[in-house]
Amino acid sequence: MSILALVQNFKPIIKPSTVVEKPIADNTIFKLHYRATTLIFLGCCVFVTAYSIFGEPIQCIGETKDDGRTKVANTYCYLGYTYTLPSNQHSDEKQAGIGLHTEGAKKYHNYYRWIPLMLFLQGLLFYVPHWIWKNWEDKRIHYLTKDIRGPVAEVKSEDVKKLKNLARYAVESLHMHNTYALMYYFCELLNFINVIVNMYLIDSFLDGEFMKYGTEVLQFTDLPQYNRTDPMIRIFPRVTKCDFLKVGPSGGLQNYDYLCVLALNNLNEKIYIFLWFWLILLGFISALPIVYSVALYVSPFVREYVLKRHYISKEKYKVGLLVDNTQIGDFFVWDLLGRNMSSKYYREFINELHAMLIDGDSSEKQSLSEES
């Protein structure tokens, strides 16, 4: 029940939002970072932690006669370290990495104790860009589109008044949203950097084995059975050795050799092979918004094309005239408005905006001058 309660805490992250309940202030790829990826890392953290607490992450066996040391050795080796012998990484996965002490140098393993903490911290890292944007955005789109979000059958007179006020705000705040837009594009860039940084963090955590992990697993399946070493077993050994040191009756150290089965690594290897493919895919996908944002910034033609997709009307020339008089910040806000309003609302908004900004409606000019 405690695990179920913990998983339910992720509900606000994965709960899909609708246009009516919550305004759209980002895009789907942005959500892949702070919703999907954060959920993946925190979910893996929960599974590994639950297995460590309620399962048997390590089981060690020593000499035949058991005087109570085995249970102590389980805790001792898990909290300390175990080791394998890299020189004995042959094809038999049941014996890979173990053997006599004289067979070569030891490779120590104690990362499995820190995996839950690493997964938790990385999950938080993927939430950071969204947290920055959410605090900077400060519900601006929420207040601008309040009561005019969602589908509508027809535009009523009271709605026309709201849309006219929104258009007047757009005129009065013209060229004042550039920092607002650039902060969003910065957070998109931060998402991409986040993927790269997290891949290097995992690579450092696993002693430089993560970057090539996925490719080695794919290559492993193509090698002949008699001449291959499973990279998952090399990085996440299932059978290790442990030296249990005990003070003897005369005060000297007695070394007991234990063979330990790390059942937890059977889960860890699957988690990290999934994370490798997910982060590679996410990295490629996250590069797309950056290219798109650069195109928007340098090309008025692209900005015009995007706004015309929201403006369902035969008078699409109005959009081109508006784009000629705007900057990237104005476009960014108008694009968000188009994604949060129905096509009928947005058509009325653009018509009012065109009348004020391009046609120079005398009544609107007089009204604007009186208020200023």
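## A tour of the salt bridges

Select lysine 308 to begin: with a relative accessibility of 25%, this residue counts as partly exposed. The model you have open is predicted. Keep that in mind at each stop.

**Stop one: the partner of lysine 308.** Add glutamate 304 to your selection. The two side chains form a salt bridge, and their closest N and O atoms are 2.7 Å apart. Now show the backbone. Both residues belong to helix 13, which covers residues 300-310. They sit 4 residues apart, about one turn of the helix. Why can such a pair form? Side chains of opposite charge can pair when their charged atoms come close.

**Stop two: glutamate 315 and lysine 318.** Select both. Here is another salt bridge, with 2.9 Å between the closest N and O atoms. Are the partners buried or exposed to some degree? Glutamate 315 is partly exposed, at 32% relative accessibility. Lysine 318 has 10%, so it counts as buried, because the cut-off for buried is under 20%.

**Stop three: helix 15.** Move to residues 328-340, which make up helix 15. Pick out arginine 339 and aspartate 335. Their side chains meet in a salt bridge, 3.8 Å from N to O. The spacing is 4 residues, about one turn of the helix. Arginine 339 is partly exposed, with a relative accessible area of 28%. Aspartate 335 is buried, at 7%.

**Last stop: a network.** Select Lys107, Glu209, Glu216 and Arg234 together. Salt bridges with shared partners join these four into one network. How many salt bridges does the structure hold? The count is 11.

Terms used. Residues numbered from 1 in each chain as written. Predicted model: local features only at pLDDT ≥ 70, side-chain atom pairs only at ≥ 80, totals over all residues. Heavy atoms only, no water. Helix = DSSP H or I, 4+ residues; strand = E, 2+ residues; numbered from the N terminus. Buried < 20%, exposed > 50% of the residue type's maximum accessible area, 1.4 Å probe, protein only.
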